[in-house]
Amino acid sequence: MKRKLFFSLLWCAASFAAVAQTKGNKIDFTEYTLPNGLHVILHQDKSTPNVAVSVLYHVGSKNEVQGRSGFAHFFEHLMFEGTENIDRGEYSSLVQKAGGALNANTSFDRTYYYELLPSNQVELGLWLEAERMKHAKIDQVGVETQRKVVQEEKRERIDNQPYGSMGENVFALAYKEHPYKTMPIGSFKDLNAASIDEFRDFYKTFYVPNNATLSIAGDINIDDTKKMIEKYFSSIPKGSKEIPRPSIKEPKQTEERRKTVYDNIQLPAVIQAYHIPAQGTEDYYALSMLTTMLSGGESARLTKSLVDKQQKAVAAGSIPFPTEDPGLFLTFAIANMGVNVDELEKAMNAEIERVKTEPLSNREFQKLRNQVESNFVQQNSTVAGRAESLANYAVYFGDANLINTELQRYMNVTKEDIKRVANEYLTKNNRVVLHYLPKSSQPE
């Protein structure tokens, strides 16, 4: 009885700590929208003399049309080619000469550009992003250059990497209708077949102020930054085209789908992917905590059981894909020498069944909550992290203030919630299973 009371007090303390954390370290920000539709979020933090300037375009691979995959990822590269006022290849050198760094990334749902700069160079970041938005250079030279770059990236990161095609195979097997069936990198065939006019049309449709969020965090003066934003962005016209949003809903999966892939690998692997609700839903938070429990560190369940105790795997883990539409909960394991995939899959299934049937101990649950809280705080510990989180929350949920309140949604998850979502979503009929085997074992 005393032990139960002790852990109950620990839970209460953790909940109060989460509330205190968000209140005591509240992230203040200013938010407004320009007449051309550009959404702006400004967060001042004078603790260090640097700033993150970022633009999130609400366009990812799910916005592409059939037969023209890879456009959003292609534009991630193409929009570093230059503009009417920035010569080809100068984007990086301008930022590096100013003592900064820059990069971009593309997902199913968004494209994100950012510069990390000394705070006295914030105007440079704004000018660069305004140039990219107003008149990016989309000519034949740039298109051909980036076609080669993207193709080389695909060869290096996917085609020639052990297990590199995992994402392509998992999503293509799991989705039959929804655009998530195609990975953001797309296909060579589609990119090679596209005309310059198709690329220009994609740019005019999606890379416009009314489809963008400008998020700036760091050592800035809010009023001065507003004036600079007005100077560089207010004259950019609102997009004249309707921004397409896919309305396709993936039909409910009613039976298990399986596939065997023969790859240039030495050790077999098993990948299981279950359909789950979209990010931001109540069940998503419970499923996200479940993945942390299964693979959040060396003492997590999959690693502890499959790698350490049973020695059936050299690596094992679990990943929830946070997507705007319903996504996937993925578990994987790479077999130890001499362990076959059927044996490995059986061991993985046993760990999932444990979650469904065995009660979660108070001690493990408290450790899980501590991990989730630590990860959340760490994610927003830098100005770059805060700029990205503010943009994500504003675009996906229409509420940038989730940066101050979302942790409590995780803390509201109970032990019973974790067990419930495991039983509801981690079912055989709701999953796809891939076996990766060495090419040497492929039948003639």
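A residue is called buried here when its relative accessible area is under 20%. The exercises below apply to a predicted model.

**Exercise 1. Determine whether helix α10 is enclosed or not by the rest of the structure, and whether its span agrees with its number of residues.**

Step 1. Taking the cut-off given above, one finds that Asp283, Tyr284, Tyr285, Ala286, Leu287, Ser288, Met289, Leu290, Thr291, Thr292, Met293 and Leu294 are buried in α10.

Step 2. Since 12 of the 14 residues of α10 are buried, the helix is largely enclosed by the rest of the structure.

Step 3. The expected span of a helix is 1.5 Å times one less than its number of residues, so the 14 residues of α10 should cover 20 Å, and the 21 Å between its end C-alpha atoms agrees with this.

Step 4. Moving just past the helix, one meets glycine 297, whose phi is positive at about 110°.

**Exercise 2. Work out how α10 and α15 are oriented to each other, and which residues form their contact.**

Step 1. The axes of α10 (residues 282–295) and α15 (residues 402–411) come within 9 Å, crossing at roughly 75°.

Step 2. Angles of 65 to 115 degrees count as roughly perpendicular, and α10 and α15 are therefore roughly perpendicular to each other.

Step 3. On the α10 side the contact involves Tyr285, Ser288 and Met289, which meet Glu406, Arg409 and Tyr410 of α15; by class, the residues of this contact are 3 nonpolar, 1 polar and 2 charged.

**Exercise 3. Establish the strand order of the open sheet of 6 strands, and follow the pairing of β3, β4 and β5.**

Step 1. The order is β1-β2-β6-β3-β5-β4, with mixed pairing, and the edge strands, each of which pairs on one side only, are β1 (30–33) and β4 (101–106). Neighbouring strands are turned by 15° against each other on average, direction ignored.

Step 2. Strand β3 (residues 50–57) pairs with β6 (residues 212–218) in the antiparallel sense over 7 bridges, and within this pairing valine 51 has glycine 218 as its bridge partner in β6.

Step 3. Strand β3 is also joined to β5 (residues 111–118) by 8 bridges, again in an antiparallel run, with threonine 111 in β5 as the bridge partner of tyrosine 57.

Step 4. β4 and β5 pair in the antiparallel sense over 6 bridges, leucine 102 standing opposite glutamate 115 in β5, and these two strands form a hairpin with 4 residues between them.

Key. Residues are numbered from 1 along each chain as its sequence is written. This is a predicted model: local features need pLDDT of at least 70, side-chain atom pairs count only at pLDDT 80 or more; totals for chains, interfaces and linings use all residues. Side-chain values use heavy atoms; hydrogens and water are left out. Axes are lines fitted to C-alpha atoms, for helices over the stretch in contact, and angles run from 0 to 180 degrees between N-to-C directions. Angles under 35 degrees count as roughly parallel, over 145 as roughly antiparallel, 65 to 115 as roughly perpendicular and the rest as oblique. Contact means heavy atoms within 4.5 Å. Ala, Val, Leu, Ile, Met, Phe, Trp, Tyr, Cys and Pro count as nonpolar, Asp, Glu, Lys and Arg as charged, and the others, Gly among them, as polar. Two strands pair if DSSP finds at least two bridges between them. Buried means under 20% relative accessible area, exposed over 50%, partly exposed in between (1.4 Å probe, protein chains only).
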